[in-house]
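Subject: Structure handover

Hello,

Here is the structure I promised to pass on. Please open it before you read the rest of this message.

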Amino acid sequence: MDDAEFGQVGQVHQARPHDSALLHVTGRATYVDDTPETPRLLHLAFGRGAHAHARILALDLAPVRAAPGVVAVFSARDIPGENNVGPVRRDDPLFADGLVEYHGQSLFVVAATSVAAARRAARLAQVVYEPLPAVLTIDEARAADLKIDDSHSLQRGDADAALAAAPHRLQGRVETGGQDHFYLEGQVALATPGEAGAIHILSSTQHPSEVQHLVAALLGRASADITVEVRRMGGAFGGKETQAALFAAAAALVAARTGRPAKFRCDRDDDMAMTGKRHDFQVRYDVGFDDDGRIRGIALELASRCGATLDLSAAINDRAMFHADNAYFLENVRIVSHRFKTHTVSNTAFRGFGGPQGMVAIERVIDDIAATLGLDPLDVRRVNLYGPGRDVTPYHMTVEDNVAPQLIEQLAASSNYAGRRAAIAAFNAASPVIKRGIALTPVKFGISFTTSHLNQAGALVHVYADGSIHLNHGGTEMGQGLMVKVAQVVADVFGVGLERIRISATVTDKVPNTSATAASSGADLNGMAAFRAASTIRDRLAGVAAGHFGALAEAVRFTPQGVMAGDRSLAFDQLCRMAHLARVSLSSTGFYATPRIGYDRAAGRGRPFFYFAYGAAVSEVAVDTLTGEHRVLRVDILHEAGRSLNPAIDLGQVEGGFIQGMGWLTTEELVYGEDGRLLTHAPSTYKIPCAGDRPKVFNVALWRGGRNAEPTIHRSKAVGEPPLMLAISVLSALGHAVAATAGARLPPRLDAPATPERILAAIDELKARAHA
């Protein structure tokens, strides 16, 4: 399906500002907490567990109920339905019921007349615990063989035979830490009781339908009794895909039990302690390769810290396996994934959804091969790329749209990679303290939910008699620009300006049973659903216009100059009035389900992705070898967005995704105490990148040759998650700088986040091996 089949193409492929940009910068964009508070509003706070793993022997809430300002207190026994806010296994209780499985787990909720009163009262509960042994790390869970989900494997060819026959063989490991989402707007929900048992919830969530279904089950009501609404979120990054349900459910329970509106606005410290993070990973590898660095056989063992409950860990770990090849052909490969349970908050979705951890693993393998052979890592990357006759993934999907080689060569040339690498070698030879490094790494990221049934979307479009248009769909806006992209699609169908489109909040009573806005598929799914809804109305209008013009409906064109047939024209609003008077429906739903996908997990074979998105980045860094501190000096990015729906929005996503990935791999460190308590639970101790961390030279471009080979909306490609993995180039560049301190053909052992402490430790360890 080419652009000509979509419409006029006057609004799409154009740089347009975010629909809420002016509201954002003037402080007029409304979020849940901006909703006017009524005098009867109750404010909520959780009472939280004080152990990582313990039985609850007694829970005395009388002191809580007696505290000033407290109206009600509810615990597990007060839930009329199912005590669960977990998405898959239903193993994540709203309130702990006899057993605490992570430090800070919710035990009860306090409803009070003020936030301060609720938080003070929540600390007054008298709880008697029987502490139990707590497993906090991957190593401890591995030793105890404590898993949240069965291990899983993928294989292609004969890895063991290829390893045995390879001219060179190398073993190693790499670790990546977790990451807090650190959205600007914390978790928040406002529940209001309606008539006949109905509950309306304003929730900062990526998945309104899931919140709706979980709340209905918790209250013992039908989904139709619960309405969930979200106009926008102040950031989410995956942290509001499942985690928002905890706070929405607590607010709904209080509203249902008291008959009063209830709001849960979570404190930042509590938010960080109680909500899931990106999964920590440990990866062990055994790789065989030839003199050129071409991988002949490889075995990868992935292990992740999943936390106390399953959440989305099964799918996240599967995606890590799917991306352990990145852009490289692995002819003989075995990938094993272990999913460990720990007594820490359950880890969850985060931008990339496991893909970044898998990619770090294979990029580290490439870097280590290059260091061992004394080759430029880019040359090793080149010989391992997918290509003709080398185009089947470890899960037996054929790569049909491989543009990585072209992207890499164009970026290597435009960034002067070779010249700068030579200059860095000369600099390092003359500089005993400051060492520089450079790396070019690619990204190949699969687009689709790997849980196949989630690849669907619905939309609802109304055209009013005055020619204005109301747009609603199942996608949610978290700052990424989804709403303006879908509005561009609809405006293009009718040949009108964006000013005619009224973007509305995502509400479960308009479009039902929606999927989360996640997996980078928001515009793919909702854009196509909205296109189909708008096209249905356009075709009806074309029939009306044809009758007016005395022409065939196929001859009617919707243009910015009006609705035309030959040399005759009619204003769009005039046509809408005519259609209304002619009793023609100007409302339609639209539905879209992603085609050509299907995966047999048991067999490890299939097509889990509709297509791949590609990109590449060159990063240059400088490391102070006395302190371990570093600075990213320059970054060049070339990213493919297909035929971008909105280049301005997509460039912003690339820039932001890269910086967020850079934070994950360098500065953002989650530290847990021996008691399982999160110690880095505020910006004073948890360091996200700031304006000063932005590379001084930051060249970002969308690849002009981009065009989706698959029939996506206007041949565009997803751009939400893939750019985050471009930041792996920073970690590789840091490894290059560390390697310069020893001058030997030895791969440095640098884990992420590459904090100053880890960089210094990697330098010391490398020097010790070099002199051994």
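Below are my notes, grouped by region.

One point before the details: this is a predicted model.

**Cavities**

The structure holds five cavities of 30 Å³ or more. The largest cavity has about 160 Å³ of space. Its lining is made up of 15 residues. Asp92, Tyr102, Gln243, Leu246 and Met274 are the closest to the centre. By class, the lining of the largest cavity splits into six nonpolar, seven polar and two charged residues.

**The second largest pocket**

This pocket has a volume of about 540 Å³. A total of 28 residues line the second largest pocket. Nearest its centre lie Ala371, Arg421, His736, Ala739 and Ala740. Which elements supply at least two residues each to this lining? There are four helices and a strand to look for: helix H10 (355–373), helix H11 (377–384), helix H13 (417–430), helix H18 (728–739) and S16. The lining of the second largest pocket has 16 nonpolar residues, with six polar and six charged.

**Strand S27 and its partners**

S16 also takes part in a strand pairing. Strand S16 spans residues 434–447 and pairs with S27 in the antiparallel sense. The pairing runs over 14 bridges. Within it, Lys444 stands opposite Tyr614 in S27.

S27 itself covers residues 611–624. Of its 14 residues, 13 are buried, so the strand is largely enclosed by the rest of the structure.

S27 also pairs with strand S28 (residues 630–639). These two run antiparallel and are joined by nine bridges. Here Val623 stands opposite His630 in S28. S27 and S28 form a hairpin with five residues between the strands. In that hairpin, Gly628 takes a positive phi near 85 degrees.

Val618 is a good residue to select in this region. It sits in strand S27. Is Val618 buried or exposed? It counts as buried, because its relative accessibility is 0% and the cut-off for buried is under 20%. Leaving out residues up to four places away in sequence, Val618 touches Leu411, Ser415, Tyr417, Arg420, Ile438, Ala439, Leu440, Arg634, Val635 and Asp636. Ile438, Ala439 and Leu440 are among these contacts and fall within the range of S16, residues 434–447. Arg634, Val635 and Asp636 are also among them and fall within S28, residues 630–639. Thr755 is 137 residues from Val618 along the chain, and their C-alpha atoms are separated by 20 Å.

**Strand S10 and its partners**

Strand S10 is made up of residues 199–203. Four of its five residues are buried, so S10 too is largely enclosed by the rest of the structure.

S10 pairs with strand S9 (residues 188–193) in the antiparallel sense, over five bridges. The bridge partner of Ala189 in S10 is Ser203. S9 and S10 form a hairpin with five residues between them. Ala196, in the turn, has a positive phi of about 55 degrees.

With strand S11 (residues 226–230), the pairing of S10 is parallel. It runs over four bridges. His200 stands opposite Thr227 in S11.

**Phe247**

Ala189 comes up again here. Phe247 is found in helix H7 (residues 244–258). It is buried, at 0% relative accessibility. Phe247 and Ala189 are 58 residues apart along the chain, yet their C-alpha atoms are separated by 6.2 Å. Setting aside neighbours within four places in sequence, Phe247 is in contact with Phe46, Gln187, Ala189, Phe264, Cys266 and Thr275.

**His53**

Where does His53 lie? Look in the loop between strand S1 (42–48) and strand S2 (54–60). His53 is buried, with a relative accessible area of 15%.

What does its side chain reach at 2.6 Å? The partner is the backbone oxygen of Pro133. The side chain of His53 also makes a polar contact with the side chain of His343, at 3.4 Å. Neighbours within four places in sequence aside, His53 is in contact with Leu99, Val100, Pro131, Leu132, Pro133, Ala134 and His343. Pro133 and His343, the two polar partners, are thus both on the contact list.

Best wishes

How values were computed: Residues numbered from 1 in each chain as written. Predicted model: local features only at pLDDT ≥ 70, side-chain atom pairs only at ≥ 80, totals over all residues. Heavy atoms only, no water. 1 Å grid on protein atoms, 1.4 Å probe; cavity = no way out; pocket = protein on both sides within 12 Å on 5 of 7 lines; lining within 4 Å. Points joined across faces, edges and corners; volume = space filled by probe spheres on them. Nonpolar A, V, L, I, M, F, W, Y, C, P; charged D, E, K, R; others polar. Buried < 20%, exposed > 50% of the residue type's maximum accessible area, 1.4 Å probe, protein only. Polar contact = N/O pair within 3.5 Å; in protein donor to acceptor, adjacent residues only side chain to side chain. Contact = heavy atoms within 4.5 Å. Pairing = 2+ DSSP bridges.
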